[in-house]
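Visitor: Could you take me through one part of this model slowly? I'd like to see how a single helix sits among its neighbours, and then wander outward from there.

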Amino acid sequence: MHKDPEALKMKGRVAVDGMADEEECQALMQLVNEEAIYGDGYKGITKPFSEHEKFEGITVKDAVNAAGEKRVPLFLPAMYVYLAERSRAFVQRFFGLSNHLYFSFTHLVCRQAKDGSPSNRSDLSHPVHADNCIVDHQHKVCHKIDPAFTWRDYSSVLYLNDNFDGGNFMFANYDNTSQVEVEPKCGRLVAFAADDLHGVQPLLRGQRCALAMWYTLDPLHQELEMVSSWNKIEQLLEKKKEEEQKEGDQSNNNSTDEEHEEL
Ligand SMILES: O=C(O)CCC(=O)C(=O)O
Ligand SMILES: [Fe+2]
């Protein structure tokens with residue numbers, strides 16, 4: 001999996017397996033394939049990074065709304081927030097953070113190689129970047145200034161599948177060369193400090209799906225949609241239980257009626 005396993009130990013980077021099982025990965029893939037918004041994988045970016053790929057993504061709020069409108073079963077957004085929270089708790093523990101690590105933004109996203117995209121393309125699926133600063137490749141510095149998401153402290157990506165070609169995650173150098181690669185597969189999570197340079201190698205065939213999570217130690221920048229989504233899911237679960245209870249009562253009544261008729 002790693003070109004240079006030592007490079008993964010730097011700065012407290014981690015790649016860990018078993019953060020989701022096959023069924024859980026499938027649930028998120030189902031959700032993104034049924035409900036995703038084409039073309040816009042990321043807030044504010046209306047195009048994928050490469051002309052050879054397509055993006056589709058869904059936020060947690062949109063996933064919960066889809067369940068509220070009964071377009072997708074409720075367990076799909078529930079799985080979305082559950083896997084995000086499992087990942088967040090792991091990252092908090094791994095980095096030994098005593099303060100709460102908040103979600104800052106969470107996005108379930110798939111990249112898809114376009115049919116007939118050249119196997120010798122030279123661009124990356126996601127150019128080398130950092131998640132909380134603007135990289136100056138020439139001067140080998142990263143500026144923590146607007147419009148970077150400067151409040152993001154840690155990042156993690158939970159991979160959902162491996163049936164595609166290319167698309168390895170890589171920790172990178174300022175000259176865009178790769179230091180160490182992580183091959184995505186269901187349940188594998190990569191986590192790192194948000195100023196750590198990284199990118200994604202070209203996706204040559206198929207669809208690559210991942211749950212990307214950015215975290216902050218600043219409560220003022222926490223993702224309020226994540227909090228409201230938890231609450232909405234609980235409400236929807238409660239409503240579902242009540243509906244099932246009513247249906248149960250109704251069919252009990254019906255069968256009692258039938259018994260009476262028979263007598
Ligand atoms: O999908 C990945 O492996 C990484 C994506 C990434 O770095 C980002 O969205 O900021
Ligand atoms: Fe990133």
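Guide: Let's start with one helix, move on to what surrounds it, and finish with the ligand and a few loops. Keep in mind that this is a predicted model.

Our part is helix 2, which runs over residues 22-35. Check its length to begin with: at 1.5 Å a residue, its 14 residues should span 20 Å, and the C-alpha atoms at its ends are indeed 20 Å apart, so the two agree.

Now look at which residues are tucked away. Cys25, Ala27, Leu28, Leu31, Val32 and Glu35 are the buried ones in helix 2. They cover an arc of only 155 degrees around the axis, so they sit on the same side of helix 2. Here's a handy rule for reading that pattern: an α-helix has 3.6 residues a turn, so residues three or four places apart point the same way. Turn to the other side of helix 2 and you'll find Glu22 and Glu23, both exposed.

What lies over the buried side? The cover for the buried residues of helix 2 includes strand 3 (53-58), helix 3 (60-68), helix 4, strand 4 (102-113) and strand 15. Let's follow some of those.

Helix 3 has buried residues of its own: Val60, Ala63, Val64 and Ala67. Their arc around the axis is only 95 degrees, which means they share the same side of helix 3. Just after helix 3 comes Lys70, with a positive phi near 60 degrees.

Helix 4 brings us to the largest nonpolar core, a group of 59 residues. Two residues of our helix, Leu28 and Leu31, are among those with the most contacts inside this core, along with Tyr80, Leu158 and Leu211. Helix 4 (residues 75-94) gives the core its largest share, eight residues.

Pick out Leu211 and you can see how parts of the chain meet. Leaving aside residues up to four places away in sequence, Leu211 touches Leu28, Leu83, Ala84, Leu108, Leu158 and Leu160. So which residues sit around the ligand? Ligand 1 has His126, Asp131, Val157, Phe169, His198, Val200, Ala210 and Ala212 around it. Strand 13 (198-200) and strand 15 (207-216) are the elements that give two or more residues to this shell. Sorted by class, the shell has five nonpolar, two polar and one charged residues.

Last stop: the loops. Between strand 6 (134-136) and strand 7 you'll meet Lys140. Lys140 isn't a glycine, yet its phi is positive, about 55 degrees. Lys140 has 11 C-beta neighbours inside 10 Å, so it counts as exposed. Asn176 is another non-glycine with a positive phi, this one about 75 degrees. Its loop runs between strand 10 (169-172) and strand 11 (178-182), and Asn176 counts as partly exposed because it has 14 C-beta neighbours inside 10 Å.

There's a cis peptide bond to find as well, going from Asp146 to Pro147, with omega near 5 degrees. Pro147 belongs to the loop between strand 7 (141-143) and strand 8 (154-159).

Finally, find Ser119 in the loop between strand 4 and strand 5 (126-129). Ser119 has 10 other C-beta atoms within 10 Å, so it is exposed. Although Ser119 and Pro202 are 83 residues apart along the chain, their C-alpha atoms are separated by 8.9 Å.

How values were computed
Residues numbered from 1 in each chain as written. Chains lettered and ligands numbered in written order. Predicted model: local features only at pLDDT ≥ 70, side-chain atom pairs only at ≥ 80, totals over all residues. Helix = DSSP H or I, 4+ residues; strand = E, 2+ residues; numbered from the N terminus. Buried ≥ 20, exposed ≤ 12 C-beta atoms within 10 Å, placed from the backbone. Near = placed C-beta within 6 Å. Nonpolar A, V, L, I, M, F, W, Y, C, P; charged D, E, K, R; others polar. Core = buried A, V, L, I, M, F, W, Y, C linked by C-beta atoms within 7 Å. Contact = placed C-beta atoms within 7 Å. Expected span 1.5 Å × (residues − 1). Arc of directions from axis to C-beta.
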